Amino acid sequence: MAQLCFSRMKVFRSVLIALIFIFLASCSSDEELKIGVSVYDFSDSFITEIRNAILESSEGDIPVTIVDAARRQQTQNEQIEKFIEEGYSAIIVNSVDRTASWVLIEKCRQNNVPLVFINREPVKDDMAKWDKVYYVGAKAEDSGIMAGEIMADYWFSHPEADRNGDGILQFVVIKGETGHQDTELRTEYFIETLISEGIPLEKLHEDTGRWTRSGGYDVMASFLNRSGNAIEAVFANNDDMALGAIEVLQQNGYFNSSEFMPVIGIDGTPAGQAALQNGLLLGTVFNDAENQGKAAYNIAKELAEGRTPTSESIGYPIVDNQYVWIPYRPLAGQED
Ligand code: BGC
Ligand code: CA
């Protein structure tokens, strides 16, 4: 009898200890969760908007640590390794080089740390390597089509846009970083849209401004040097480069008098929208940083808490199990 009582007590004691452990674990688990974020360049205006959206989403929720890869893939790889070593529960990455994403996917898969890519889309084969990998972005081709439509509308409603009256639109393109899906697809679909609108085209020049305002300035300065007033329109792959181009155009007498130059950007950043209001930017395409940041955070949070994200739980539709697409929206200024 005494023995039975003793062994019951032992069972009771071990159950109690187990319960205490479970209780302690459940109390502390959410506090210990943390999300690591690495972006390609802190000085990029659009990425800064996404960063702010991620930060805002994390307020009062799982905390984030955001680091700058400063355009070096090697630095980013080390940052991700450090997040893994330090026990981060999920990681959000804006890769420096999207074709190198497989390295990060492999590292995270081996350590079972889920990964959410933003803004720079890994190639399909890499995305297929693991099911705890997601991508949040916008359909690059849509932005190219919308930019092309803004240009076509202007061309058809402003006969003077054909400066030399040859019926052909002579234009230049200031591209983003080479190899970025937004650079290649925005340019391709902008041109295709104009062709399908039946506008005869001549591309005078194209060069990369690396997404930056100073890059846009330099590239436009060199286009103006080479072709001067033969240029009839400018398509920049983002607003920052468009603003750099506008600056050099202003220094060359455009906008001040009757000399207008149609310049189209993409993003609809605060500075881009201000230029649109001032009649300097002909049009832009709104790239929704806030919702991209929110969606990425919500996915990372679900994954960090050990759940499989669903459209309902994150508040954005997930397609093909791994993708969230945030739509673009055209923004055209008042003409004339
Ligand atoms: C944005 C650019 C930005 C780039 C960075 C693009 O989607 O339109 O402004 O520089 O992403 O990857
Ligand atoms: Ca012409």
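The protein chain has 12 helices and 12 strands, where helices are DSSP runs of H or I with at least four residues, strands are E runs of at least two, and both are numbered from the N terminus. This is a predicted model, in which local features need pLDDT of at least 70, side-chain atom pairs count only at pLDDT 80 or more, and totals for chains, interfaces and linings use all residues. Residues are numbered from 1 along each chain as its sequence is written, chains are lettered from A and ligands numbered from 1 in the order written, and side-chain values use heavy atoms, with hydrogens and water left out.

Now for the overall shape. The C-alpha trace spans about 110 × 35 × 35 Å along its principal axes. The radius of gyration is 25 Å, against near 20 Å for a compact globule of 336 residues (taken over C-alpha atoms; the globule rule is 2.2 Å times the number of residues to the power 0.38). Still, 51% of the 336 residues are buried, with buried meaning under 20% relative accessible area, exposed over 50%, and partly exposed in between (1.4 Å probe, protein chains only).

On to the calcium ion (ligand 2). Its protein donors are Asp-162 (OD), Asn-164 (OD1), Asp-166 (OD), Ile-168 (O), Gln-170 (OE1) and Glu-232 (OE, listed twice), at 2.2 to 2.6 Å. Donors here are N, O and S atoms within 2.8 Å of the metal (3.2 Å for Na, K and Ca); water is not among the atoms, so sites may look incomplete. Along the chain, the donors follow the spacing D-x1-N-x1-D-x1-I-x1-Q-x61-E. Asn-164 is partly exposed at 48% relative accessible area, while Gln-170 is buried at 4%.
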